[in-house]
Each structure stands twice: as C-alpha cells, then as structure tokens.
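Please read the sequence alongside the fold, and keep both in view while working through the paragraphs that follow. The account moves from backbone details to a sheet, then to a metal and ligand site, and ends with some buried positions.

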Amino acid sequence: MTPTLTENRTEAELLTDRSELRRQIEDVVNTTPVIDVHTHVFPPEFDSMFRFGIDELLTYHYLIVETFRSSDVSYDHFWQMTRAEQADLVWKSLFVENTPLSEAARGVVSVLDAFGLDPRAPDLSAAREFFRDQNPNEHLDRVLEMACLKDVVMTNDPFDEQEVGLWDSGANPDRRFHASLRLDGLLNDWQGAARRLARQGISVDAGLGRATIDKVRNFLDAWIQRMNPVYMAVSLPDDFKFPDTDSRDRLIREVVLPTARAHGLAFVLMVGVRRAVNPVLRMAGDGMGHADMSALERMCAQNPDVRFLATYLSRENQHELCVSARKFRNLMPFGCWWFLNNPSLASEITRQRLELLGPGFIPQHSDARVLEHLIYKWRHWRPVFIESMFEAYDRLLGSGRPVSRNEIIRDVERMFIGNFREWIGRGA
Ligand code: RAT
Ligand code: ZN
C-alpha cells in the first residue's frame with residue numbers, strides 16, 4: 001500500500017508528547033519482525049528434531065528442575081517415566097497444585113492462552129488434542145507470525161548422529177531457518193571429538209599435530225559447505241582463559257579462527273556455563289559462574305579481522321561486557337541468555353546496554369527449544385524492551401531532542417535485524 005502524504009508526515013513528525021511517544025514505541029516494537037539469532041528449534045524437515053506441543057513444552061528442562069522442587073518424585077523414577085507421564089506430573093505439580101509464578105511456568109500459560117486453551121485445566125487432554133490436530137507447516141507459519149519473527153537461527157551439531165543423518169539425506173531447511181555450526185563437541189571435549197571423527201573415517205592424533213589440524217579444518221570446511229551456517233558458535237565455562245595451554249586453545253587458534261577468516265564467518269562465544277553441576281538432573285543440571293572478561297578482550301584484540309558475538313551467563317559479567325564492546329568494534333553483545341531471560345534481569349541488562357552502547361547491540365535471542373517457546377519468549381520480552389526504549393527516548397526528550405517514528409523504526413530495525421546481518425556479513 002502506498003503511504004499517503006499525511007502518513008509520511010506523521011512518520012517524520014517529532015514525538016514531543018510522552019504518551020504518544022510510548023504508543024509509537026509500542027507499535028513499532030510489537031510489529032517489527034525480529035531475527036532470532038540463537039535457538040534450538042528446527043523446522044518440520046528435521047523430523048523428530050521438530051519439537052512442538054504441550055508434552056514437549058512441559059518437559060522443558062527449565063520446568064523439570066522446578067518440578068523436582070515442588071514434588072517428591074525421585075530422580076530415578078522421573079527419568080523412567082514416559083514423556084507424557086513426565087508432562088502430566090509437571091502439569092500437576094507446577095500448574096494445578098501450585099501457581100505458575102516462575103518465568104518458565106508463566107511461559108506455558110502464555111502459550112496456552114495464545115491458542116485459546118485453558119491454563120487452569122485440571123489435565124492435559126484438551127491441549128493434547130489441540131496440538132495433535134495441527135498441520136506442522138501451517139502451525140509453524142502461525143507460530144512465527146504470533147511471535148513476530150522474521151528468521152530463526154538453529155543450533156546444528158556436526159557430531160550429533162541424528163542431525164548428521166538428516167544432512168546426509170539432503171535435509172533442506174525451510175528458508176526462514178538458518179544453520180549455525182556449533183563447536184562444543186570439538187572444542188570442549190577434544191578426546192571425545194577425536195573418537196567421533198575416527199568413527200566418521202577421519203583419523204586424528206590426540207596431540208593435535210599439523211596433519212590433524214589440517215584434517216579438522218577440512219572437516220569444518222565440509223560442514224560449512226553443507227550447512228551454509230550464519231556463524232560458528234561455542235559455549236564456554238566460567239573459567240575459560242585465552243590464551244591457555246589446552247587443546248581448546250590450540251583448536252581455537254589454529255582451526256576455528258583461521259576458518260572464520262577464510263569463510264568470513266563470525267564466531268559466537270557463550271560464556272559462563274558450568275556443565276553438570278548436578279548430573280542427576282541430566283541436561284537440566286548445568287549451572288553458571290562469573291567469567292574473566294579479559295579472555296574475550298584478548299581474543300578481540302588479537303583478531304581484529306574476525307567478528308565476535310558474545311553473551312555471558314552471569315549477571316555480574318553484563319556491565320563488563322558492555323565496557324569491552326566499547327573497546328572492541330569487532331565485538332557484538334547479544335541476548336539475555338538462559339538464567340538471565342527473566343523480565344527483571346532483561347530490563348536491567350537492556351537499559352545498561354542502551355546507556356553504554358546506544359543501538360549497537362543485539363538485545364535478545366530466545367534460546368527456544370520447542371516451537372511454541374518462540375511465542376512466549378518473544379511476547380514476554382517485547383514489553384520489557386518497550387519500557388527500556390521508552391526510558392531512553394524519554395530521557396532524550398527531556399534533554400531537548402525528541403525523536404520521530406521513523407527514527408524509532410530505524411533504531412528497532414537495527415537492533416532486531418541490522419546488527420546481526422552486519423555481523424554475519426549477509427542478509428539472513
Ligand atoms: O538455554 C538452554 O536451553 C540451555 O540449555 C542451553 O541450550 C544453552 O542455551 C546453550 O546453547 O548451550
Ligand atoms: Zn542455547
């Protein structure tokens with residue numbers, strides 16, 4: 001539709017009235033599609049990796065830990081249950097016998113409400129029937145629209161047998177889904193990686209000699225060719241150091257960074273996770289810790305020709321990350337990761353980033369694992385972002401510099417799409 005002259009004038013008009021300013025921010029933020037730069041969601045082409053529906057939603061690892069705190073089920077018994085039995089127990093413990101006050105529990109409520117399902121239902125029969133009846137492709141389109149998403153970045157593990165099988169059989173993801181090459185298996189467990197490479201017919205020496213370095217580089221080249229990833233990524237522990245004396249350091253320097261350079265690929269660092277703090281909780285058992293930011297600063301300083309995206313898990317690292325990003329133009333902070341993706345912390349982090357970096361950061365990613373997570377993660381976050389943006393623009397207004405709707409659109413598009421596109425060096 002061609003905009004009328006009046007609409008054009010309105011877009012450029014300065015917003016000097018505070019309530020109109022808020023209304024315009026709300027409208028722009030709620031209607032601008034975002035690129036979700038880190039998820040664990042897959043499209044229907046990925047068979048059983050396409051996870052959706054109430055049983056998957058309720059057996060999210062965030063909710064499993066909460067269930068152990070509100071029920072006396074033993075760990076062993078829980079892990080022996082079927083997924084449906086686990087989901088029934090989570091529902092009973094967190095949604096019927098208790099009020100779903102936590103962020104992850106409220107997420108399920110928001111999803112049910114979005115589809116007109118009863119969040120106070122005594123059991124899951126109606127919700128199960130609803131999700132069973134959905135056509136996967138139509139449901140996917142609907143969810144992306146409800147979350148107001150443009151594109152989604154998956155997490156793709158070249159050591160995951162199921163995933164390798166899918167790529168081998170010519171998996172061709174929906175064009176809105178982009179691959180990212182996840183390197184945890186390579187960088188965080190070199191001994192295990194050596195065994196897995198051997199199983200794929202690539203014999204390597206544990207000591208990382210020249211020939212092995214070349215083979216691992218070829219391995220990554222082949223996966224890049226196959227997946228066409230938008231970046232390479234790794235999650236790192238809180239005690240991550242750079243430089244270091246271990247195999248991860250050798251692999252980062254001699255394999256990953258040269259590969260990033262050769263392919264013009266950004267390197268994503270997700271720092272601060274302490275894996276398996278409580279192993280009986282399985283994938284729900286990871287914790288976190290405060291990391292030393294100087295490792296990232298050294299990596300950015302030594303590799304000015306590589307673009308880095310970074311997110312830290314500890315609240316205490318957030319201010320330091322902003323300051324590091326001010327010092328290194330090849331560093332892009334992104335998202336409020338995992339335990340930080342709660343309204344109170346997301347608000348604090350976003351406001352801090354706006355104050356220190358202006359629009360030069362990627363404010364959020366969802367980390368969704370189940371398709372419908374996309375709905376609640378983005379619907380819960382957008383109001384937080386609106387408040388943070390209002391605070392920043394309102395202060396500017398108070399200082400004598402009102403903004404127009406056009407400027408709000410420009411800023412939001414930069415943070416929702418532009419910064420990421422610039423970092424990955426292409427349109428996503
Ligand atoms: O947020 C999560 O679900 C975590 O389990 C992890 O996926 C984390 O985001 C990661 O990518 O390692
Ligand atoms: Zn993740």
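D47 is found in the loop that leads from β1 to α3 (54-58), and in this predicted model its phi is near 50°, a positive value in a residue that is not glycine. Most residues other than glycine have a negative phi, and most peptide bonds are trans. A276 likewise departs from that pattern, with a positive phi near 55° although it is not a glycine. This alanine is placed in the loop between β7 (273-274) and β8 (287-288), where A276 has a relative accessible area of 41% and therefore counts as partly exposed, given that buried means under 20% and exposed over 50%. The peptide bond that runs from F242 to P243 is cis, with omega near 5°, and P243 belongs to the loop between β5 (231-236) and α14 (247-263).

The strand that precedes the loop of D47, β1, is part of an open sheet of 3 strands, ordered β1-β2-β3 and paired in parallel. Because β1 (34-36) and β3 (177-178) stand at the edges and each has a single partner strand, one side of each is left without a neighbour in the sheet. The partner of β1 is β2 (residues 149-153), to which β1 is joined in parallel by 3 bridges, and in this pairing D36 faces V152 of β2. Helix α19 (residues 405-424) packs on the sheet and touches both β1 and β2, its direction making about 55° with that of β1. Helix α18 (residues 373-398) also lies across β1 and β2, but runs at about 125° to β1.

One residue of helix α18 can be described further, namely D394. Is D394 buried or exposed? Its relative accessible area is 18%, and since buried means under 20%, D394 is counted as buried. Apart from its neighbours within four places in sequence, D394 is in contact with R18 and L21.

Next comes the metal site. Which residues are the protein donors of the zinc ion (ligand 2)? They are H38 and H40, each through NE2, and D367 through OD, at 2.0 to 2.1 Å from the ion. Along the sequence these donor residues follow the spacing H-x1-H-x326-D, and both H38 and H40 are buried.

The zinc donors H38, H40 and D367 are also among the residues that surround ligand 1, together with H61, Y62, R182, R275, W337, W338 and R369. Several side chains come within polar distance of oxygen atoms of this ligand. For H40, a side-chain N or O atom is 2.8 Å from an oxygen atom of ligand 1, and for H61 the corresponding distance is 2.9 Å. In the case of D367, a polar side-chain atom lies 2.7 Å from an oxygen atom of ligand 1.

A further set of parallel pairings centres on β9. Strand β6 (residues 266-271) pairs with β9 in the parallel sense over 5 bridges, and M270 stands opposite T311 of β9. β9 also pairs in the parallel sense with strand β10 (residues 331-333), here over 3 bridges, with A310 set opposite P333 of β10. How many of the residues of β9 are buried? The number is 5 of 5, and the strand is mostly covered. In a regular strand the side chains alternate between the two faces of the sheet. In β9, F308, A310 and Y312 point one way while L309 and T311 point the other way, and all of them are buried.

Beyond the end of β9 (308-312), the chain enters the loop that leads to α16 (318-327), and N317 has its place in this loop. Although it lies in a loop, N317 has 0% relative accessibility and so counts as buried. Leaving aside neighbours within four places in sequence, the residues in contact with N317 are G289, H290, A291, M293 and Y312, the last of these being one of the buried residues of β9. The side chain of N317 is also joined to that of E320 by a polar contact of 2.9 Å.

Conventions. Residues numbered from 1 in each chain as written. Chains lettered and ligands numbered in written order. Predicted model: local features only at pLDDT ≥ 70, side-chain atom pairs only at ≥ 80, totals over all residues. Heavy atoms only, no water. Pairing = 2+ DSSP bridges. Helix = DSSP H or I, 4+ residues; strand = E, 2+ residues; numbered from the N terminus. Contact = heavy atoms within 4.5 Å. Axes fitted to C-alpha atoms, helices over the stretch in contact; angles between N-to-C directions. Donors = N, O, S within 2.8 Å, 3.2 Å for Na, K, Ca; no water. Buried < 20%, exposed > 50% of the residue type's maximum accessible area, 1.4 Å probe, protein only. Near = heavy atom within 4 Å. Polar contact = N/O pair within 3.5 Å; in protein donor to acceptor, adjacent residues only side chain to side chain.
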